[in-house]
Amino acid sequence: MALKEQRILVFVDSDILKVRRLAREAAQEAGFDQIASGEIEIVASELATNLLKHHAVDGEIVITTLNSTGRQGVELRSLDLGPGIRDIRTAVHGGVSTAGGLGIGLSGVRRLMDEFSIESQPGAMTSVVARKWLPSKDDTRMGFSVIARPKPGEDVSGDAYFIKQGRDYVFFTVLDALGHGPEAFETGRVCMAVIEENYDAPLPMIAELCHQELKGTRGAAVALCRIDFAESRLRHLSIGNVETRVYGTSVPVRPFCFNGTLGMSMERYQVRDYRWEEGATIMMYSDGISFPWDVQPEMIAASPQVVAEQVFKAFAGDNDDATVLVGR
């Protein structure tokens, strides 16, 4: 059920700013936290920028707050009465963003939201619908915080992350394309598209699919992790220099990183399986977080957001893209 609807026609740059502001306000009114509200704002900006870039006919963004069986959410709808999209698959999977955009493309829109659909026919309306739902206690077991930024001086990052949470599991990953700048961003985007489509596959299969898709690129490092809450198991596979640490377990858990680069060469690797303990803290980070380093026990006791902020502030270097993901 729609609770509130706002329609914004997008004709000039200032309309994009209005869309972003209203989307953030809608997210906050629905109860989303700072990170999720920021993601909704990014998606709104991307959709509005696309309307302007592609000279949409009567381009419009519709922001709707939702309530479905007691669950709160936000829907962003992009409408364009123009000539339509000939190749939707390329638009979604090859959609690098634009001058003035934030660089996430439609694949990023799908990644940041819970539901995504696109409909377009030549000569008819193009409609992109993206929804994000406020998590309930029944379908989230862990809270996450991520802080990331490109190398200073760059507009885009070769780092990327993805989190997908179900009632009995959570899957998450951090990837680091070699180098930085637009070429690294493109490599990361290709790799992330594979992960988004196959996050529920076995971890070795995801790694192999990424390896095949990245051949001919500069390559990437990646850490993949799936926690099965019913079995209390943490399954982890890392190739390259994206590392993972676990704190707060009764038995030390030290996830292993195998040598190699997706798209280039990899040593023989295997998934490592560990016992997962409720309440433990897991941290995954790219090599833009300088090491060797460690955190004090009192720092780990803070919320994931505070831990991520403190680690990033203390250890993020200026010589590369940097990402830290913290979950508990």
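Contact here means heavy atoms within 4.5 Å. With that cut-off in hand, take E196 in this predicted model. E196 touches S107, R110, R111 and F162, leaving out residues up to four places away in sequence. E196 itself sits in helix α5, which covers residues 182–198. Its relative accessible area is 9%, so E196 is buried, the limit being under 20%.

One of those partners leads on to the aromatic residues. F162 forms one aromatic cluster together with F171 and Y199. The count of aromatic pairs in the model comes to 5. For the pair of F256 and F258, the ring centres are 4.8 Å apart and the planes stand at 75°, so this pair is edge-to-face. The cut-off for that label is an angle over 60 degrees. A pair of aromatic rings is described by the distance of the centres and the angle of the planes. The two residues of the pair fall into separate burial classes. F258 has 7% relative accessibility and counts as buried. F256, with a relative accessible area of 36%, is partly exposed.

Now turn to the largest pocket. It holds about 1000 Å³ of space. Its lining is made by 33 residues, and D114, K132, P135, I163 and Q165 lie nearest the centre. Several elements give two or more residues to this lining. The helices are α2 (34–53) and α4 (105–112). The strands are β4 (115–119), β5 (126–133), β6 (144–149) and β7 (159–165). Strand β7 supplies the largest share of the lining, with 5 residues. What is the lining made of, in terms of nonpolar, polar and charged residues? It divides into 16 nonpolar, 6 polar and 11 charged residues.

Q165 deserves a closer look. This residue is in strand β7, and it is one of the residues nearest the centre of the largest pocket. Is Q165 buried or partly exposed? With a relative accessible area of 23%, Q165 is partly exposed, since buried would require a value under 20%. The side chain of Q165 reaches the backbone nitrogen of M142 at 2.9 Å. Along the chain, Q165 and L325 are 160 residues apart. In space, their C-alpha atoms are separated by 15 Å.

H180 offers another set of links. It lies in the loop between β8 (169–177) and α5, the helix that also holds E196. H180 is partly exposed, with a relative accessible area of 29%. What does H180 touch, beyond residues up to four places away in sequence? The list is K151, E154, R218, D320 and D321. Two of these residues also make polar contacts with H180, side chain to side chain. The distance is 3.3 Å for K151 and 3.2 Å for E154. H180 and D155 are 25 residues apart along the chain, and their C-alpha atoms are separated by 9.9 Å.

Next, go to E60, in strand β2 (residues 60–68). E60 is buried, with a relative accessible area of 13%. Its side chain joins the side chain of R7 in a polar contact of 2.9 Å. Apart from neighbours within four places in sequence, E60 is in contact with R7, I8, L9, L51, R77, S78 and L79. R7 is therefore both a contact of E60 and its polar partner, the cut-off for a polar contact being 3.5 Å between N or O atoms.

Two backbone angles round off the tour. Most residues other than glycine have a negative phi, and most peptide bonds are trans. D58 has a positive phi, near 50°. This residue lies in the loop between α2 and β2. At 44% relative accessibility, D58 counts as partly exposed. S232 also has a positive phi, near 55°. Where does S232 lie? It is in the loop between β9 (220–228) and β10 (233–239).

How values were computed: Residues numbered from 1 in each chain as written. Predicted model: local features only at pLDDT ≥ 70, side-chain atom pairs only at ≥ 80, totals over all residues. Heavy atoms only, no water. Helix = DSSP H or I, 4+ residues; strand = E, 2+ residues; numbered from the N terminus. Buried < 20%, exposed > 50% of the residue type's maximum accessible area, 1.4 Å probe, protein only. Polar contact = N/O pair within 3.5 Å; in protein donor to acceptor, adjacent residues only side chain to side chain. 1 Å grid on protein atoms, 1.4 Å probe; cavity = no way out; pocket = protein on both sides within 12 Å on 5 of 7 lines; lining within 4 Å. Points joined across faces, edges and corners; volume = space filled by probe spheres on them. Nonpolar A, V, L, I, M, F, W, Y, C, P; charged D, E, K, R; others polar. Phe/Tyr/Trp six-rings, centres within 6.5 Å; stacked < 30°, edge-to-face > 60°.
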